[in-house]
Amino acid sequence: MLYQILNFKVHGDHRGQLVALEKGEDFPFDIKRVYYIWGSEPHITRGNHAHKHLEQVIVCTSGSCDFMLDDGRGHKEKIHLDNPAQGLYIKSNIWRQFTNFSRDCVVMVLASEHYKEEDYIRNYDDFLKAVKGERL
Ligand code: T46
């Protein structure tokens, strides 16, 4: 599975919308870390890596951007994120790039692990080797 789109429950009324994300049935893992990204120019590409173990749910809370996902086995897909009521769930061993940021884009990421640089695979050839089960 390259990714999954999670549709969050929206508590909406005449005042606006609210989404609450909690450990439990509606969320695929225990959240250990939250970070968010904004101020990227439209032409900038971020990411360019895969993770050995980390799982993440990515929410575009404002504006829009595009995620390009690649499983290293020939399956590649571009996902346009522009809905704060949806999360892009990415498991480990998926190469990701993201770009095409709108000026008002804010990307919030909920992560299953604390930040560990050792969990990153930042070289695409190493990623392909890891997918094949070769030692890095
Ligand atoms: C991912 C995509 C969607 C930290 O110190 N702590 C953190 O939790 C994170 C995420 C980053 N950093 C530091 C490491 C770098 O010095 O922040 C700097 C920028 O990180 P990076 O170049 O990895 O950012 P992106 O936007 O390329 O990738 C990030 C996440 O790192 C990555 O896990 O999947 O967002």
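**Exercise 1. How many nonpolar, polar and charged residues does the lining of the largest pocket have?**

Keep in mind as you work that this is a predicted model.

*Solution.*
- Step 1: Find the pocket. The largest pocket holds about 240 Å³ of space.
- Step 2: Locate the lining. It is made of 13 residues, and those nearest the pocket centre are Lys 9, Ala 20, Leu 21, Glu 22 and Asp 26.
- Step 3: Sort the lining by class. You should arrive at five nonpolar, three polar and five charged residues.

**Exercise 2. Work out which pocket the ligand takes up, and describe that pocket.**

*Solution.*
- Step 1: Place the ligand. Its space is the second largest pocket.
- Step 2: Note the volume, which is about 200 Å³ for the second largest pocket.
- Step 3: List the residues closest to the centre. Of 14 lining residues, these are Tyr 35, Ile 37, Gly 47, His 49 and Phe 98.
- Step 4: Trace the lining back to secondary structure. E4, E5, strand E6 (56–62) and E10 each give two or more residues, and E5 contributes the most, with four.
- Step 5: Sort by class. The lining of the second largest pocket splits into seven nonpolar, four polar and three charged residues.

**Exercise 3. Describe the shell of residues around the ligand.**

*Solution.*
- Step 1: Count the neighbours, taking a residue as near if one of its heavy atoms lies within 4 Å of the ligand. That gives 13 residues, with Arg 33, Arg 46, His 51, Gln 56 and Tyr 120 the closest.
- Step 2: Assign them to strands. Strand E4 (33–38), strand E5 (46–51) and strand E10 (95–99) supply at least two shell residues each. The largest share is that of E5, with four residues.
- Step 3: Sort by class. The shell has five nonpolar, four polar and four charged residues.

**Exercise 4. Which atoms of Tyr 35, Gly 47 and Tyr 120 lie by oxygen atoms of the ligand, and how much of the ligand is covered?**

*Solution.*
- Step 1: Set the cut-off. A polar contact needs a pair of N or O atoms within 3.5 Å.
- Step 2: Check the side chains. A polar side-chain atom of Tyr 120 is 2.5 Å from a ligand oxygen, and one of Tyr 35 is 3.3 Å from a ligand oxygen.
- Step 3: Check the backbone. At Gly 47, a backbone N or O atom lies 2.8 Å from an oxygen atom of the ligand.
- Step 4: Finish with the cover. On its own the ligand has 650 Å² of accessible area, and the protein covers 67% of that.

Terms used: Residues numbered from 1 in each chain as written. Predicted model: local features only at pLDDT ≥ 70, side-chain atom pairs only at ≥ 80, totals over all residues. Heavy atoms only, no water. Near = heavy atom within 4 Å. Polar contact = N/O pair within 3.5 Å; in protein donor to acceptor, adjacent residues only side chain to side chain. Areas by Shrake-Rupley, 256 points an atom, 1.4 Å probe, with all protein chains shown as cover. 1 Å grid on protein atoms, 1.4 Å probe; cavity = no way out; pocket = protein on both sides within 12 Å on 5 of 7 lines; lining within 4 Å. Sits in = over half its atoms within 2 Å of the grid points. Nonpolar A, V, L, I, M, F, W, Y, C, P; charged D, E, K, R; others polar. Points joined across faces, edges and corners; volume = space filled by probe spheres on them.
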